[in-house]
Every structure is written in C-alpha cells, then in structure tokens.
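Colleague: Could you take me through one part of this model slowly, the place where two helices pack against each other? Once that is clear, I would be glad to hear about the sheets and the ligand surroundings too.

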Amino acid sequence: MKISVSASSGVEAVVKRELSRLVGKEDLAAINGRITFDGSEEDIAKCNLYLRSANRVGIILGEFKAENFDDIFDGVKSVDFENYLSRRAKIDVTAKCVQSKIYAISATQSVAKKAICERLKERGYGDLKEDGERYRIEISVHKDYATVTLDTSGEGLHRRGYRGLVGEAPLKETLAAAMIELSVWKSERTLCDAFCGSGTIPIEACMIAKNIPAGINRKFDFEEWNPRYKSIIERLRERAKDEIDYKKEVKICGFDIDEKQLSLARKHAAIAGVEKYIHFQRADVKDFSSSDRYGVMICNPPYGERLSERHEIEKIYRDYGKAFSALKDWSAYTLTPVTDFERLFGRKADKKRKLYNGKIECCYYAMLGAPPKKT
Ligand SMILES: C[S@@+](CC[C@H](N)C(=O)[O-])C[C@H]1O[C@@H](n2cnc3c(N)ncnc32)[C@H](O)[C@@H]1O
C-alpha cells in the first residue's frame, strides 16, 4: 500500500524524522506537503496513533494526468474503490486544485463523486444509500497531475481528544508538538510556557515525556471500516497503554496572566490525563523567574491583530526579554509573526525558521543557552 502522511508547511522535516523513528524508513522525501512510503495496514494504524506533528494519514489509491474533467472522471473511475469501500459507505469527496488547468474545486468534487458511484454501481453496489461509515476521499490536482487519496484519520490528527474547549488563539496540537520537537528540550530539563493559554505546549510536552501516544484518546475513520483494522488499532492501543511511563519525573509549567485561560488549560490537562504532572499558575511574564538551570521556554506570546494593541504587545515582548535575560543557561523558543521580535526581546536569535500558525506566517526564534554539563 502506498501511504501518504501530510504535513503543514515548515513542519515536513519534523514529520519525516518522526516517521523514520516510527516505521524505520530512511530517505523519505516530502513533496507538496506529503511524505509517501510503501507500508502495511499496521503502519497506517501506527502513524495515526503515534505521529505528533502530522496532519493526516491516507492511502494513495490512484495517480494520473488530469487536464480536464474527462481525465478526472476516467482516472477516478479506474480506481478499485470496491476493494476499500463498504456497501454502506458514506462518501465525502474533497478536492484541491493548484497550478493546474482544472481550477474549479466543486466541479472536480462532483465529477469525482459521480465517477466513484458509477464504478461501484458497475461492481454490483446498486444505488448507494450512504448510511454507513465515513470514507473521505481527496482529489488533489497539482500541476495537471491528480492524486486520489483515501483519508484514514477522519478528523485531523491535531484533534487529540483533550481540547473540547477553545481558548484564545490556541495553537494546533500538531504545531505545538513540532515546536517541542524542534527545540533542545529533553524530559530531564525544565520546560516552561510563560503564555500557556489553553495549555497546548505543556500538555504536548508532558505526553511526549511520559510516552503517551498523541492519538490515544481518539478514534480514526479507518477503524470503523472493517474488523481487521479495528483489531490492529486496538492491539496497538493496549500495547501503547502498557508503555506509558507515568513514573517519569518531569518539570513542566504553564503560566498565563488570564485565570480563565488557566482554568481551560487545567481542564484540558485533566482530559489528557496529565493534570497531576503540570504546574499551571497565574503570572505576568514580567514576574517570571526560576532558579532552575538549563530550562527551556517554548511559547507563542500574543501578537495583537489590531494596530491599537501594538504598544501593549511591545511592552509584553520587552518584559519577556527582560525576565528571560535573568535566567541562567536557559533556551527560549518563541513563535510569533511580530517581525521586530528580536529587537523587542533584546537579543538576536541563534536560529530562525518559518512556520505557519494556521494561515499566519510566523517565525520560530531560537535563543540558545549553554547545554547542560555531561555528568
Ligand atoms: C497566543 S495565546 C497562547 C495560546 C496557547 N499557546 C494555547 O495553545 O492556547 C497568548 C496568551 O498570552 C497570555 N498573556 C497576555 N499577556 C500576558 C502577560 N503579560 N503575561 C503572561 N501571559 C500573558 C494571554 O492571556 C494568552 O492566553
């Protein structure tokens, strides 16, 4: 099976690294935001359950040249959907057209859906009632080349199941996990988020430290498709639960000026099963201090969408930089779209990387402290 793992712009290298560790594949290439490899049903289950920074996991069912709607119809109709879809399949078709002669998304969707239905009818499915399990099929046309992908995840993988309640400008869980993976943090070091909001970064860090799989608290579309898939994922879930290291010592803290945000963070941590291990506290960043050494700050401070907030934001960034400068041997990782962040913070970044927080282009600034001495 050709498996496709999608990743947001800037995060592909992190997902590749995660994938190499998980399924033991080297030399993976990311093309147009997806990483593909030949894998098994077990790999699909593992990727859904364990990948922390990926968006979705799919099976590539077909690829063909597509310069017009006849090509889409014929190409989609040639895919062996009967080997994947049940008779009660509820089929959701999505489409994406980039730099191609075909650009009409909804027309692409309806032509593809018609082709799927005709194919299944000819294979004895009769009139589809579509009252069963969901199958999301994506037709992606890029430079006149179409790829048909069956999504196995369902809800995007950022939906871990612990965040029902939405805070102020929360980070996607997948991006928070990528920010942690891109940092020098190891579970032996203190991790703090001085602007923790709904708690995403501390919760993701705690799940990483305690070896709690990202998808342990949720379901995936593919497990509803047949008993074989269900038994694979259930076996993996049971094994993963045994491998969780609740005894692992961690020092993870989240601070925020807003008590309402903190109460959300505590609720989310409780749903994720990690509330006992994270210290959440109300604090203004200007008062942040720690006697720990070699700590790692990972955060996304407010950035202020309105011009009127600019003054306030500048003050917060200056306070943040000042508080940080008093910490001994700490490293700070900050995601923000504020272009003069380094000037406000009072220090040049050692490393920078472009990342997207939703549609907002941001820079991920790394200010590095000395590494802990080897004992
Ligand atoms: C962009 S949000 C962080 C979102 C968070 N990463 C999440 O996933 O929910 C910025 C947070 O900074 C907090 N904040 C604003 N000013 C602050 C200050 N002076 N000190 C500490 N926190 C502050 C806000 O209350 C808000 O929750």
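Modeller: Happy to! A word on terms before the helices: an angle under 35 degrees counts as roughly parallel, over 145 as roughly antiparallel, 65 to 115 as roughly perpendicular, and the rest as oblique. Please keep in mind that this is a predicted model.

The pair to look at is helix α2, residues 41-50, and helix α7, residues 227-243. They pack at an angle of about 50°, and their axes are 10 Å apart. That angle falls outside the three named ranges, so α2 and α7 are oblique to each other. The crossing of α2 past α7 is right-handed. On the α2 side, the contact is made by E41, E42, A45, K46 and L49. Facing them from α7 are Y229, I232, I233, L236, R237 and A240. Sorted by class, this contact has seven nonpolar and four charged residues, with no polar ones.

Just ahead of α2 in the chain you will find some small-scale strand pairing. Strand β1 (residues 2-6) runs antiparallel to strand β3 (residues 34-38), and five bridges join them. Within that pairing, S6 has R34 of β3 as its bridge partner. Strand β2, residues 30-31, also pairs with β3 in the antiparallel sense, here over two bridges. I31 stands opposite R34. β2 and β3 form a hairpin with two residues between them, and N32 in the turn has a positive phi of about 50°.

Now to the other sheet. Seven strands make up an open sheet with mixed pairing, in the order β10-β9-β8-β11-β12-β14-β13. Its edges are β10 (278-282) and β13 (351-357), each of which pairs on one side only. From one strand to the next, the twist averages 20°. Helix α8, residues 259-272, packs on this sheet and touches β9 (252-256) and β10. The direction of α8 makes about 165° with that of β10. Elsewhere in the sheet, β12 (residues 331-336) and β14 (residues 360-367) pair in the antiparallel sense over five bridges. If you want one pair to display, A332 has M367 in β14 as its bridge partner.

Last, the ligand. There are 22 residues around it, and P170, F195, G197, S198 and T200 come nearest. By class, that shell has 12 nonpolar, six polar and four charged residues.

Conventions:
Residues are numbered from 1 along each chain as its sequence is written. This is a predicted model: local features need pLDDT of at least 70, side-chain atom pairs count only at pLDDT 80 or more; totals for chains, interfaces and linings use all residues. A residue is near a molecule or strand if its C-beta atom, placed from the backbone, lies within 6 Å of it. Ala, Val, Leu, Ile, Met, Phe, Trp, Tyr, Cys and Pro count as nonpolar, Asp, Glu, Lys and Arg as charged, and the others, Gly among them, as polar. Axes are lines fitted to C-alpha atoms, for helices over the stretch in contact, and angles run from 0 to 180 degrees between N-to-C directions. Helices (H or I, at least four residues) and strands (E, at least two) are DSSP runs, numbered from the N terminus. A crossing is left-handed if the near helix is turned anticlockwise from the far one by less than a right angle, and right-handed if clockwise. Two residues are in contact if their C-beta atoms, placed from the backbone, lie within 7 Å. Two strands pair if DSSP finds at least two bridges between them.
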